[in-house]
Amino acid sequence: MPSLFTIPGIINGRFLGLVLDILIAISVIYYIRSKKQIFVRRVPGLDAIEEAVGRSAEMGKPIVCSFGIASSGFDYWTLAGLAIMAHVARLSAKMGVRLIVPTGGSDQSLIVRPVAEEIVKDAYTLEGVGDHFNPDDVPFLSGQQYAYVGGYVGILQRLRPGSVVMTGSHASDAMNIAETSNAIGAITITSGSYLSNTAALACASDYILIGEEAPAASAYLSTDPAQRASIRVQDIFKWLSIGVIILGLIAVAMGSSLVTNLLAT
Amino acid sequence: MSEFLKSRTLQLIIMISAFLIVFVPYFTSIPELSTFSTKLITITAIANAFTLVLAVYSQFRRGINIVQKRRRGWYFKVWMMLSIVLMCIFALLGQDTGPYHWVMFAIINPLSSVNYGILAFYMASTCARAFRARNMKALFLLSAGIIVLLYQAPLTGAFFPGIQPIALYLNNTFAMAAARMFLISVTVGGIVFGVRVLLGQEPSVIGVGKEA
């Protein structure tokens with residue numbers, strides 16, 4: 001099928017994707033600049049983080065938080081995981097809870113680890129308890145995924161944390177961690193970064209961040225109205241997607257392939 | 001000069017330039033841009049390899065510090081450093097045969113497979129908790145779960161041939177619809193996240209201190 005949008009030597013297909021990307025970017029910039037006070041729906045998984053840290057504080061137990069195995073280095077799941085970890089670190093420092101951040105799981109995780117350590121250290125410093133930061137609480141377990149899981153599960157079973165926040169780019173290791181966390185009675189908050197994981201993680205966790213909730217976590221958690229306003233763009237484009245799906249259904253039912261062709265470009 | 005190199009503006013300029021060099025060729029068909037983009041990706045991969053060396057160096061520095069102070073579990077750090085050195089030497093001797101091959105295929109891979117196999121039991125215990133018919137919704141979940149589970153089992157097709165169309169219907173309609181919903185929301189969330197990173201609004205990229 002020939003592309004609908006072709007400018008010889010410059011553009012050959014993929015035009016609609018480009019337009020949508022540009023539209024999303026402009027909308028985000030507009031909403032951030034406008035600083036509109038918008039209603040942002042509650043995300044139970046993110047709200048539960050404060051409860052999880054508080055529970056650990058009450059029980060006098062540590063909290064375990066991880067940002068994933070970072071198998072592709074600084075991919076956006078890892079960055080989202082780091083943003084959530086930064087929030088957990090600040091809450092832990094504020095409430096005086098020992099935070100443990102197991103790192104590793106891939107060769108690339110060696111590159112992400114120092115950044116994670118700096119984030120935790122910064123969080124402690126910002127809360128005025130920089131001297132409470134212990135680098136040994138950000139252990140590097142292994143560059144191998146399953147050796148990392150073994151170490152992680154070992155930490156959970158030995159230290160029996162009050163809560164476990166597992167976000168970011170965890171792959172098949174996520175189930176071992178979430179289920180062990182559940183078995184030791186910790187509040188388990190996870191994010192389903194992989195489609196195949198999501199259903200199983202939803203069963204194994206007390207709270208789960210689904211879909212765009214994890215990448216948008218830092219905006220949800222921010223107190224800055226400009227940051228929160230950028231979330232509105234996601235909702236707008238999700239509604240737009242639903243509209244296009246319905247339009248496509250009607251068009252196909254009427255024997256037209258216009259929407260299908262349009263989306264293929 | 002060092003202040004300029006550390007400045008957030010410079011970091012953002014580099015980030016946005018690198019993004020455009022990779023982003024634009026994806027949507028256009030200008031060969032020069034594609035070549036430039038491929039070269040940049042290769043350069044990044046090489047730079048990444050060097051950062052890996054730095055990361056190993058930082059592990060060694062930390063490990064030596066722990067061993068010198070005889071902190072808890074210091075002997076594991078000795079083991080880790082020894083393993084890194086030995087594996088580097090083994091890898092230089094050859095990766096397809098010899099000690100490197102033996103360590104990978106006789107120790108690491110079987111152990112990883114065992115851990116992967118254990119996953120089945122974790123899944124089973126999760127399912128046992130989730131599949132309880134507490135209410136009508138849970139009953140639907142349980143029924144759908146059992147049908148799909150039986151369909152996946154090797155001999156079910158022989159004993160209950162009627163289960164296949166029902167399982168396929170569940171997979172190809174409800175499961176597929178939910179999966180696509182997930183993909184759409186993740187994609188939109190990912191693009192918005194990317195724009196926020198490029199605007200320097202993400203604490204995991206700009207640093208927690210700058211966010212406050």
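**A two-chain predicted model: helices, cores and contacts**

B:Ile66 sits in helix α3 of chain B, where helices are DSSP runs of H or I with at least four residues, strands are E runs of at least two, and both are numbered from the N terminus. The model is a predicted one, so local features need pLDDT of at least 70 and side-chain atom pairs count only at pLDDT 80 or more, while totals for chains, interfaces and linings use all residues. Residues are numbered from 1 along each chain as its sequence is written, with chains lettered from A and ligands numbered from 1 in the order in which they are written.

Back to B:Ile66: it has 20 C-beta neighbours inside 10 Å and so counts as buried. The label works like this: a residue is buried with 20 or more other C-beta atoms within 10 Å of its own, exposed with 12 or fewer, and partly exposed in between, with C-beta atoms placed from the backbone. Setting aside neighbours within four places in sequence, B:Ile66 is in contact with B:Arg71, B:Trp74 and B:Lys77; contact here means C-beta atoms, placed from the backbone, within 7 Å. B:Gly145 is another story, as its C-alpha atom is 50 Å from that of B:Ile66, with their positions 79 residues apart along the chain.

The loop between α3 and α4 of chain B holds B:Arg70. This residue is not a glycine, yet its phi is positive, near 50°. B:Arg70 is exposed, with 8 other C-beta atoms within 10 Å. Chain A offers a similar case in A:Arg160, a non-glycine with a positive phi of about 45°. A:Arg160 belongs to the loop between α5 and β7 of chain A and, with 13 C-beta neighbours inside 10 Å, counts as partly exposed. For context, most residues other than glycine have a negative phi.

Chain B splits into domain 1 (1–93), domain 2 (95–130) and domain 3 (131–212), with bounds from an automatic or database domain assignment. Domains 1 and 2 of chain B have their centres, taken over C-alpha atoms, 27 Å apart. Their contact takes 4 residues from domain 1 of chain B and 5 from domain 2 of chain B. On the domain 1 side, the residues divide into 4 nonpolar, no polar and no charged. The classes are simple: Ala, Val, Leu, Ile, Met, Phe, Trp, Tyr, Cys and Pro are nonpolar, Asp, Glu, Lys and Arg are charged, and the others, Gly among them, are polar.

As for helix packing in chain B, α4(B) (residues 74–93) and α5(B) meet at an angle of about 120°, with their axes 6 Å apart. Axes are lines fitted to C-alpha atoms, for helices over the stretch in contact, and angles run from 0 to 180 degrees between N-to-C directions. The two helices are therefore oblique to each other, given that under 35 degrees counts as roughly parallel, over 145 as roughly antiparallel, 65 to 115 as roughly perpendicular and the rest as oblique. B:Met87, B:Phe90, B:Ala91 and B:Leu93 of α4(B) meet B:Gly98, B:Pro99, B:Tyr100 and B:Val103 of α5(B). By class, that makes 7 nonpolar, 1 polar and no charged.

Chain A has 11 helices and 9 strands, and 49% of its 265 residues count as buried. Its C-alpha trace spans about 65 × 40 × 35 Å along the principal axes. Chain A is divided into domain 1 (6–34 + 230–263) and domain 2 (44–221), with centres 34 Å apart over C-alpha atoms.

Helix α6(A) (residues 173–183) has 10 of its 11 residues buried, so it is largely enclosed by the rest of the structure. Its cover includes α5, β7, β8 and α7 of chain A together with α5 of chain B. Just after α6(A), A:Gly185 takes a positive phi of about 85°.

The largest nonpolar core (buried Ala, Val, Leu, Ile, Met, Phe, Trp, Tyr and Cys residues joined through C-beta atoms within 7 Å) has 82 residues, of which A:Met85, A:Val88, A:Val165 and A:Ala217 touch the most other members. Helix α3 of chain A (residues 76–95) supplies the largest share, 13 residues.

Finally, the interface: 53 residues of chain B are in contact with 57 of chain A. α8(B) gives the most to the chain B side, with 16 residues. That side has 31 nonpolar, 18 polar and 4 charged residues.

Note on methods: Contact = placed C-beta atoms within 7 Å.
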